[in-house]
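Hi everyone, thanks for making the time. I'd like to walk you through one model today, so have the viewer open and follow along.

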Amino acid sequence: MNSSLFFDGANRYRSFTHDNEQRATDGDRPDVQSDIQSETQSQRIDLAGGDSTHERNATGSLLPANGTAARIDWIRSRMPLYLVMGSVNCRQAPDQVLEQAIAGGITLFQYREKGKQALCGQEYVELARRLQDICHKHQIPFIVNDDLELALELDADGVHVGQNDEPAEWIRQRLGPNKIVGVSAHSLKEASRAIAAGADYLGIGPIYPTSSKDDAEPVRGTEVIQQVRRSGLTIPLVGIGGIHEHNAAPVIHDGADGVAVISAITAAAAPAEAAKHLKKAIAQRL
Ligand SMILES: Cc1ncc(COP(=O)(O)OP(=O)(O)O)c(N)n1
Ligand SMILES: Cc1nc(C(=O)O)sc1CCOP(=O)(O)O
Ligand SMILES: [Mg+2]
């Protein structure tokens, strides 16, 4: 049995014990077993980027063992400020943008080389390797967007897939239990399915209008985040789409463990400062 916290829809967390939180669905919400904890969202988010468990274990994974509460806590601790990025998003060299973003306090990184003028072939792989090296140097988990084969080739820390990508079950099967699987969800139904398929975290969006994704779904605000939390699902999740330092607070307030951003950091003249300001907004729910 593990113990964990769930968002009760009123900006409070309740604790409960459970056998397998990751498989919780609408119909099998665990019983509440102890009093409401008056912990606030900003207290719950660890802005240092997690607990002290930053070292890779014997299998080379940053993750605590599969199925443990420690694993879920660890993944949640990486959610606060998630940078998603490829060369097309950057005003400066992507390596420099990533270094600066890390200096500013990002907690997780996703390589998403997509869109017009995206690198391909050897250049695509080489940039991935360089960005992965930077992440390794700073103990920031390196996630690959969409491309399972690249993730396997690089021994990346995980893969993020959407509803139109390879199925999450397949990604989990190929990556095994020691890697992170992130899945995009646009409804409670998709969230429940993703959890059943083995997702470690969810990306929910677009929260606000975005110009970084041509095929983005209609804007939904924080509605889906609220629905997921009200249903009792406690899986780590981030909001994504059009988020910046001045509109990040409601995303956290309404139940997300963090925000995922592209342009708020990559298009900033000073990416480190942009990341710092975002981090502060998340912490203080400004
Ligand atoms: C953290 C995070 N959340 C959502 C997405 C979007 O994934 P997807 O819907 O597959 O779209 P693409 O990014 O592949 O265009 C994401 N990448 N990261
Ligand atoms: C990659 C991505 N996924 C989205 C989703 O809604 O799933 S929105 C998005 C783009 C996010 O970029 P920006 O922070 O610049 O708006
Ligand atoms: Mg995708």
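Before the tour, one cut-off, since I'll lean on it all the way through: a residue is buried if 20 or more other C-beta atoms lie within 10 Å of its own, exposed if 12 or fewer, and partly exposed in between. Also, please keep in mind that this is a predicted model.

Let's try that cut-off straight away on D155. Buried or exposed? D155 has 11 other C-beta atoms within 10 Å, so it counts as exposed. You'll find D155 in the loop between α5, residues 148-154, and β7, residues 158-161. What caught my eye there is the backbone: D155 has a positive phi of about 55 degrees, and it is not a glycine. For background, most residues other than glycine have a negative phi, and most peptide bonds are trans.

Q117 is another one to look at. Its phi is positive too, about 65 degrees, and Q117 is not a glycine either. Q117 sits in the loop between β5 and α4, the helix at 121-137. With 8 other C-beta atoms within 10 Å, Q117 is exposed because that count falls under the cut-off.

OK, zooming out. The protein chain has 11 helices and 11 strands. Of its 286 residues, 45% count as buried. And if you take contacts with a separation of 6 or more, residues 24 or more positions apart account for 62% of them.

So what do the strands build? They make a closed barrel of eight strands, running β4-β5-β6-β7-β8-β9-β10-β11, with parallel pairing. From one strand to the next, the twist averages 25 degrees. As for annotation, UniProt has an unreviewed entry that places the feature "domain: Thiamine phosphate synthase/TenI" at residues 81-265. In the model, the end C-alpha atoms of residues 81-265 lie 10 Å apart, and the span is 37% helix and 19% strand.

Now let's park on one strand, β9, residues 201-204. As a reminder, in a regular strand the side chains alternate between the two faces of the sheet. Here, Y201 and G203 point one way, L202 and I204 point the other way, and all are buried.

What does β9 pair with? On one side there's β8, residues 180-185, which runs parallel to β9 and is joined to it by four bridges. You can pick out the partners: V183 stands opposite L202, and A185 has I204 as its bridge partner. To get from β8 to β9, the chain goes through helix α7, residues 188-196, in a right-handed β-α-β crossover.

β9 also pairs with β10, residues 237-240, in the parallel sense over three bridges. There, I204 stands opposite G239. The chain gets from β9 to β10 through helix α8, residues 223-230, and this β-α-β crossover is right-handed as well.

Stay just after β9 for a moment, and find the bond from G205 to P206. That peptide bond is cis, with omega near -5 degrees. P206 itself is in the loop between β9 and α8.

On to the inside. The largest nonpolar core has 69 residues, and those with the most contacts inside it are L202, V259 and L278. So which residues does V259 touch? Leaving aside neighbours within four places in sequence, its contacts include L81, Y82, V238, G239, I243 and L278. You'll recognise G239 as the residue opposite I204.

Two more stops. L98 is in helix α3, and with 27 C-beta neighbours inside 10 Å it counts as buried. Beyond four places in sequence, L98 touches M85, F109, L131 and I134. If you measure across to A70, 28 residues away along the chain, the C-alpha atoms of the two are separated by 28 Å.

Last one: G105, in the loop between α3, residues 94-104, and β5, residues 108-111. It's a loop residue, so where does it fall on our scale? G105 is buried, because 20 other C-beta atoms lie within 10 Å and the cut-off is 20 or more. Setting aside sequence neighbours within four places, its contacts are L81, A275, K276 and K279. G105 and K279 are 174 residues apart along the chain, yet their C-alpha atoms are separated by 7.1 Å.

That's my tour. Happy to take questions.

Note on methods. Residues are numbered from 1 along each chain as its sequence is written. Chains are lettered from A and ligands numbered from 1 in the order in which they are written. This is a predicted model: local features need pLDDT of at least 70, side-chain atom pairs count only at pLDDT 80 or more; totals for chains, interfaces and linings use all residues. Helices (H or I, at least four residues) and strands (E, at least two) are DSSP runs, numbered from the N terminus. Two strands pair if DSSP finds at least two bridges between them. A crossover is right-handed if, with the strands pointing away from the viewer, the path from the first strand over the helix to the second runs clockwise. A nonpolar core is a set of buried Ala, Val, Leu, Ile, Met, Phe, Trp, Tyr and Cys residues joined through C-beta atoms within 7 Å. Two residues are in contact if their C-beta atoms, placed from the backbone, lie within 7 Å. UniProt positions are given in the numbering used here, feature names are shortened, and annotations may be inferred rather than shown by experiment. Axes are lines fitted to C-alpha atoms, for helices over the stretch in contact, and angles run from 0 to 180 degrees between N-to-C directions.
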